[in-house]
Amino acid sequence: MGRAFTLMLPTFLKDSRIQIKAATDPNVQACEQFEKDFGVKASLSLEEMCANALVDAVYIASPHQLHAEHVQVAARFGKHVWVEKPMAITIDECLQMIEVCRHAQVQLMVGHSHAFDLPVLKTRELIRSKRYGQVKMVTAINFTDFLYRPRRAEELITRLGGGVVFSQGAHQVDVVRMLCGGDVCGVSANAVSWDPKRGSEGAYNALLKFHSGAQASLTYSGYAHFDSNLWMDGVGELGAEDSIFNPAQTRHRLRGIEDAGQEAQLKSARNYGGSQWNNVQAQSSPIQHQHFGPLVVSCEGADLRPTPKGIFIDSDHGHEFMEIDAPLIPRQEVVDEFYAAVVNGQALSHDGAWALGTLEVCLAILKSSETQSTIHQLSHQTELQI
Ligand SMILES: NC(=O)c1ccc[n+]([C@@H]2O[C@H](COP(=O)([O-])OP(=O)(O)OC[C@H]3O[C@@H](n4cnc5c(N)ncnc54)[C@H](O)[C@@H]3O)[C@@H](O)[C@H]2O)c1
């Protein structure tokens, strides 16, 4: 019931396909808030929650390094699993998660990632229509204040799953794999750390080559003073309008924080049930579609540019805008996919095998940067029809 839960809460509250029946968190305040809000039990033990027969599926949003263990517990209790990105922090953990879910015959979906955003899915449909020829190149950019938001200690230690590659690369890689065919065959990258006070890498540039012949360049900075939401009509990652961060304010919030424990407490205070938790946030609707920064998809016959309100299409025939209706429920696409799998037995796009491929690319970004070489050894990529 941390930050990710607060971001999913508007979806859970608005989508009638979801009924909240139980929760677990070691944070007592979060449990108390939950029992007050939902009138059902919040437990301090995952096993106790999973033993609840009313629970069909579990949304797991614990820290990355706990995903593998928590997914396996839920699956062994026969619950379908929806786990946050990144799937885990090692390939072995992902393989175990897939195997345990397969054996338990439960669904395993990894998300939310911004590859679920409707403008990305509609761009994929345009690519698949072949109206504009083959996709050749994708350019993805995002400038954020990620590194200066309050963090748990391990979120700033790369070997423990911290840094922007695991947390943010998981979105960006997922988006470009969805658009270029999924099957990455080469990764060349530089991840950089330029603020010694924030430990992990905070920015990267990566070039991905795909078996489909397409390539994608990914630029991410979590050190930004410039907010690239300005290039998305001022719409923030979560779909809110006029959502431009103030770099001085973000950094100022950390002033006076003396150690990692105090910073983790600040993060927790802003989460569900914490002293700075704002319940109104959970009730309010985003106005536009969510996104992960500016994106240009260059096809042989057109450049496609998904935005929170629709897709700009610049082709030989001129300039068009394909409007997309504003969302009624934020992140509804994620529930659509999970519900179709759990209730109707449809195949997931964002299943364990897919997310393992995304994690493999994130690990390759770190390895390429460390070894200053191009990584070609990728053995967990999945091909997607484009
Ligand atoms: N998709 C998104 O937009 C998005 C956004 C934020 C975070 N996330 C992901 O969600 C996960 C959590 O990140 P966060 O920023 O919410 O962290 P957080 O620290 O805000 O929340 C983590 C929560 O897990 C709880 N927790 C710790 N140990 C636990 C245990 N043993 N059992 C049950 N709960 C436990 C903590 O008490 C806390 O409430 C990460 O994997 C992150 O990548 C996804």
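In which loop is the place of H112? In this predicted model, H112 is situated in the loop that runs between β5 (108–110) and α6 (118–129). The peptide bond leading from G111 to H112 is cis, and its omega is near 0 degrees. A cis peptide bond also joins K85 and P86, with omega at about -10 degrees. P86 belongs to the loop between β4 (80–83) and α5.

Backbone conformation was further examined through phi. R331, a residue other than glycine, has a positive phi near 55 degrees. Its position is in the loop between β13 (318–323) and α11 (332–344). The relative accessibility of R331 is 7%, so this residue counts as buried, the limit for that class being under 20%. Q372 likewise is not a glycine and has a positive phi, of about 50 degrees. This residue lies in the segment that follows α12. With a relative accessibility of 56%, Q372 counts as exposed, because the value is over 50%.

Helix packing was analysed next. Two packed helices are described by the angle between their axes and by the distance between those axes. Helix α5 (residues 91–104) packs with α12 at an angle of about 180 degrees, the axes being 10 Å apart. The two helices, α5 and α12, are therefore roughly antiparallel to each other, since angles over 145 degrees are assigned to that class. From α5, the contact is made by I91, C94, L95 and I98, and from α12 by G352, A353, L356, L359, E360 and L363. Sorted by class, the contact of α5 with α12 has eight nonpolar residues, one polar and one charged.

Helix α12 (residues 352–371) also packs with helix α7 (residues 164–180), at an angle of about 120 degrees and with the axes 9 Å apart. That angle makes α7 oblique to α12, because it falls outside the ranges for roughly parallel, roughly antiparallel and roughly perpendicular. The crossing of α7 and α12 is right-handed. On the α7 side, the contact is made by V165, F166, G169, A170, V173, D174, R177 and M178, and on the α12 side by W354, G357, T358, L359, V361, C362, L363, I365 and L366. The residues of this contact of α7 with α12 comprise 12 nonpolar, three polar and two charged.

Aromatic pairing was surveyed over the whole structure, and 15 aromatic pairs were found. F5 and F12 form a tilted pair, with 6.5 Å from centre to centre and 45 degrees between the planes. F5 is buried, its relative accessible area being 7%, and F12 is buried at 9%. In the pair of Y272 and W277, the ring centres are 5.3 Å apart and the planes stand at 70 degrees, so the pair is edge-to-face. Both Y272 and W277 are buried. Ring pairs link F5, F12, Y59, W82, Y272, W277 and F338 into a cluster.

Finally, the surroundings of Q262 were considered. Q262 is placed in helix α9 (residues 260–270). Its relative accessible area of 31% makes Q262 partly exposed. When residues up to four places away in sequence are not counted, Q262 touches G256 and I257. Q262 is separated from G39 by 223 residues in sequence and by 31 Å in space, C-alpha to C-alpha.

Note on methods: Residues are numbered from 1 along each chain as its sequence is written. This is a predicted model: local features need pLDDT of at least 70, side-chain atom pairs count only at pLDDT 80 or more; totals for chains, interfaces and linings use all residues. Side-chain values use heavy atoms; hydrogens and water are left out. Axes are lines fitted to C-alpha atoms, for helices over the stretch in contact, and angles run from 0 to 180 degrees between N-to-C directions. Helices (H or I, at least four residues) and strands (E, at least two) are DSSP runs, numbered from the N terminus. Angles under 35 degrees count as roughly parallel, over 145 as roughly antiparallel, 65 to 115 as roughly perpendicular and the rest as oblique. A crossing is left-handed if the near helix is turned anticlockwise from the far one by less than a right angle, and right-handed if clockwise. Contact means heavy atoms within 4.5 Å. Ala, Val, Leu, Ile, Met, Phe, Trp, Tyr, Cys and Pro count as nonpolar, Asp, Glu, Lys and Arg as charged, and the others, Gly among them, as polar. Rings of Phe, Tyr and Trp (its six-membered ring) pair if their centres lie within 6.5 Å; planes under 30 degrees apart count as stacked, over 60 as edge-to-face and the rest as tilted. Buried means under 20% relative accessible area, exposed over 50%, partly exposed in between (1.4 Å probe, protein chains only).
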